[in-house]
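Please look through the sequence and the structure shown here before reading the report.

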Amino acid sequence: MKPQRLLIALTAIVLVVAGCGDRGGGGDEGGGGSTSAESASSSFGDLTDVCQSGDAKGSPTQGVTDGEVRVGVFSDVGFNKNSEFIDAAKVFTSWCNELGGINGRKIVANTRDAKLMETRQQMIAACREDFALVGGGSGLDGLGVKERLGCTLPNFVAQTVQPASTGSDLQIAASPASTAGYDPFFGFRSWLMNEAYPDSRNAVGIINGDSPLTKSIGKQAVEATEAAGGTFVYNDVYPAMGISDWTPYAQALKNEGVKGLIFYGQFQQLAKLESVLSGMDYKLDWIDSNNNAYGQQFIELLGTSADSQNNYVDLGGVSPISSTEPAMKDLTALYAEYAPDADITLPAIRAISSWLLFAKSAASCGDDLTRTCLYNAGKAETAWTGGGLTAPQNLAAPAPPSPCFNVQKATSNGWEDTDFRPDNGQYRCDSPPYKYTGDYGAPMTLADVGKSMNDVK
């Protein structure tokens, strides 16, 4: 692989998305677990009868038979060694199949390891075998959208990255995610600048990874932050492969008087920068460390900087892992039962919400489990929460996006709640939508590949 191509590829995966990964490659990964439903409950949070036994008959479309439903799970495990999406698939399918599956049809999850650069090849394989895609994502997901729409393959996606993929046709994001054309962090950054730290409004900085994709994301952040009332006094990039000495960047932040910093990059690199800042006794009012950093590893890397700097992340309407809500308790119990060595991560929570939506939608179709029925059932949800894992999402009309956000702050004791003035349980839901004025790319449609919903079988 040429150096520049590798640079762009690496940046796309580590600076934009939180670990699109799975385990295994190309093969089938069934549900596993017991075949008796007696030991498991079919409820999850406020959802009931998520999976169920039955005697569904027929093979109405590809990937569906009397006995099973075959779906694909995308990831980049061959590149980043991150198993969170396949862990989520294992947990959900093991539990669901123990309950009887989807009206008696067992779920078979096929791993689609894109290895970052093989998205198109894996999508072609999915087009040959899978009924739908569920609970996955890949760093360069835009490379496979044309093929997916060409074979009319629905995608109950866990996360998206590239403009061609975000908001594309036949795709449903069951949990709060980027909405094509809208800023996902407008409410969060408005709170940081205008309420939490109003003195920072006129002294904002941004550091971004040096690649075309992440530079575009940086431009979006600048546009929306300025629209929220912020003024940038510092805007820089760093080599996507990382640097050993962050002193010049830290000194520049201090010289420019930056009080609030947006960071798009590897959280390992951010931890190094903060160590230098703390060493020179320069404390920012706030650092938007990007929810890629939401995990224990970042806390450990920060060390004493966890308390000497103010790191915040916006979970965007997804329940914190530490939540005591029933849905999170249920999720924790399922992981303890079916994947005790796996971590529950933010992308994994999104994936489980997608699996829950898929199961509910598929069950409603009965014997006639077609792609059209599945997709229409999923899109009909107007207040989807994944049983309580997220703030309500209107899947029938995803634009404008949900007005809800929620904030966590890094401390030496871990990620903790902060007073962002929640007004709807765990969430604050008064954020006005901000639609970009710049052209940052558009999602692909069925019409772009010469198809329509009439072609979906």
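The report below takes up a helix, the nonpolar cores and a loop residue.

## Basis of the report

This is a predicted model, in which local features need pLDDT of at least 70 and side-chain atom pairs count only at pLDDT 80 or more, while totals for chains, interfaces and linings use all residues. Residues are numbered from 1 along each chain as its sequence is written, and side-chain values use heavy atoms, with hydrogens and water left out.

## Helix α12

In helix α12 (residues 326–338), Ala327, Met328, Leu331, Leu334, Tyr335 and Tyr338 are buried (under 20% relative accessible area, with exposed meaning over 50% and partly exposed in between, for a 1.4 Å probe and protein chains only). These buried residues cover an arc of only 120° around the axis, which puts them on the same side of α12; the arc is that of the directions from the helix axis to the C-beta atoms.

On the other side of α12, Lys329, Ala336 and Glu337 are exposed. The cover over the buried residues includes α3 (84–98) and α13 (346–364).

## Nonpolar cores

The largest nonpolar core (a set of buried Ala, Val, Leu, Ile, Met, Phe, Trp, Tyr and Cys residues joined through side-chain atoms within 4.5 Å) has 91 residues, of which Phe92, Leu273 and Phe358 touch the most other members. Helix α13 gives the most to this core, with twelve residues. Apart from it lies another core, of 25 residues, among them Phe185 and Met193.

## A buried loop residue

Thr179 lies in the loop between β6 (171–173) and α6 (186–196), and at 15% relative accessibility Thr179 counts as buried. Not counting residues up to four places away in sequence, Thr179 touches Thr166, Pro398, Ala399 and Pro401, where contact means heavy atoms within 4.5 Å.

How values were computed:
Helix = DSSP H or I, 4+ residues; strand = E, 2+ residues; numbered from the N terminus.
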